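Colleague: I would like a close look at one part of this model. Please take the salt bridges, and tell me where their partners sit and how covered they are.

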Amino acid sequence: MDSGTLEFVIGHLNYWLFILLMMTGLYIVVAKGNLVKKIVGLNIFQTSVFMLYISIGKVTGGTAPIFPLDMKVDPDVVYSNPLPHVLILTAIVVGIATTSLGLALIIRIREEYHTIEEDQIAEIENAVLKSEQWASERATGEHS
Amino acid sequence: MLTVTALAVVRTRSLFAVVTLSGVFSLLSALLFVTMDAVDVAFTEAAVGAGISTVLMLGTLALTARSERSTKRSSTVPLLAVLVTGAALVYGTLDMPSFGQSDAPAQIHVGPDYLERIPHEIGVPNAVTAILASYRGYDTLGETAVVFAAGIGVLILISGLRTRRRKDEDDPETGGSA
């Protein structure tokens, strides 16, 4: 591997690691049947997206975007980009809002179905559907 | 370490352990945020991600089940979908600027402009606070509205939980499952 490729790989390794984490989260959301675990997977996905954004804002040799108290900014000091930080702060708070709403929905689902497994919920739904069909068929049969 | 934690979440059956691991994941990501100069994000993540959401999830576990049942579904299709998505995303990063590059498009537009204006326009030493509360004040207002709406939604969903439970206990025939 020549030095150009190596540099490219090192410069992009952060993105690839975050994508790996994102895909782990996505896998949990898609493949696992437990609803609480799905929420955890969603959180992992979300946090890795945050990391991706923050890594975009990082400048080599930069420091945290906080000025000295007397506001005399030294032009030689490099600050990292504060804008991604602001956006991600907002996103974290919105994320906890969606998480809590999801957890509240899980509690309601558990109350109705007495389970938080996707498979069992689907079974119960199918059973209810079948009994409803059977009932309506019998009702129309009695009419004719 | 983050990856190991995330993979452990995939494997673990006990939901209690899963929730704890998600707290660990949040703390580790907060450390990563500190090394990437995002101190404000780091302590928000540590407080909200590792603190509040872990507490909320533990509360949910107390009201629901403790462990995950094994599923009969095959995991090949999700794995395939995830791999394809990941490959597409990696392909998308090939054109991205390298990590920490100071002349990347994200670094040459509004970011430095904010950094230049803040000392004489706002006068708040922390640039993140200045942007959050001042230049992007409407965003923050919208965020507050979202949190308010979510809070109301949670209250509506949870409210009456106790009264319904009591009704269940008194009359197990009518309450509960439909």
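Modeller: Start with A:Arg108. Its relative accessible area is 23%, so A:Arg108 counts as partly exposed, since that value falls between the 20% limit for buried and the 50% limit for exposed. Keep in mind that this is a predicted model. For chain A the mean pLDDT is 82. In that chain, 94% of the residues reach 70 or more.

A:Arg108 has a salt bridge to A:Glu111, with the closest N and O atoms 3.3 Å apart. Both residues belong to helix 3 of chain A. They are 3 residues apart, about one turn of the helix. A:Glu111 has a relative accessible area of 15%, so it is buried, because buried means under 20%.

A:Arg108 also meets the side chain of A:Glu112 in a salt bridge, at 3.7 Å from N to O. This pair lies in helix 3 of chain A too, 4 residues apart, again about one turn of the helix. A:Glu112 is partly exposed, at 32% relative accessibility. Taken together, A:Arg108, A:Glu111 and A:Glu112 are linked in a network of salt bridges.

Now the wider count. Over all chains, a search of the whole structure finds 3 salt bridges. One of them joins two chains, because A:Lys58 lies in the loop between helix 2 and helix 3 (82–113) of chain A, while B:Asp37 lies in the loop between helix 2 (15–35) and helix 3 (39–63) of chain B. The side chains of A:Lys58 and B:Asp37 meet at 3.0 Å, N to O. A:Lys58 is buried. B:Asp37 is buried as well.

How does confidence vary along chain A? It is highest in helix 2 (residues 35–57) of chain A, at a mean of 87. It is lowest in helix 1 (residues 3–31) of chain A, at a mean of 82.

Helix 1 of chain A brings in a nonpolar feature. A:Phe8 is found in that helix. With 31% relative accessibility, A:Phe8 counts as partly exposed. A:Phe8, B:Tyr91 and B:Leu94 make a nonpolar surface patch of about 310 Å². The patch takes residues with over 30% relative accessible area, so A:Phe8 at 31% passes that cut-off.

To return to your request: the network in helix 3 of chain A is made of A:Arg108, A:Glu111 and A:Glu112, and the pair A:Lys58 and B:Asp37 joins two chains.

Technical notes. Residues numbered from 1 in each chain as written. Chains lettered and ligands numbered in written order. Predicted model: local features only at pLDDT ≥ 70, side-chain atom pairs only at ≥ 80, totals over all residues. Heavy atoms only, no water. pLDDT = per-residue confidence, 0-100. Patch = residues over 30% accessible without salt bridge, like charges linked within 9 Å, V, L, I, M, F, W, Y side chains within 5 Å. Areas by Shrake-Rupley, 256 points an atom, 1.4 Å probe, with all protein chains shown as cover. Salt bridge = Lys/Arg side-chain N within 4 Å of Asp/Glu carboxyl O. Buried < 20%, exposed > 50% of the residue type's maximum accessible area, 1.4 Å probe, protein only.
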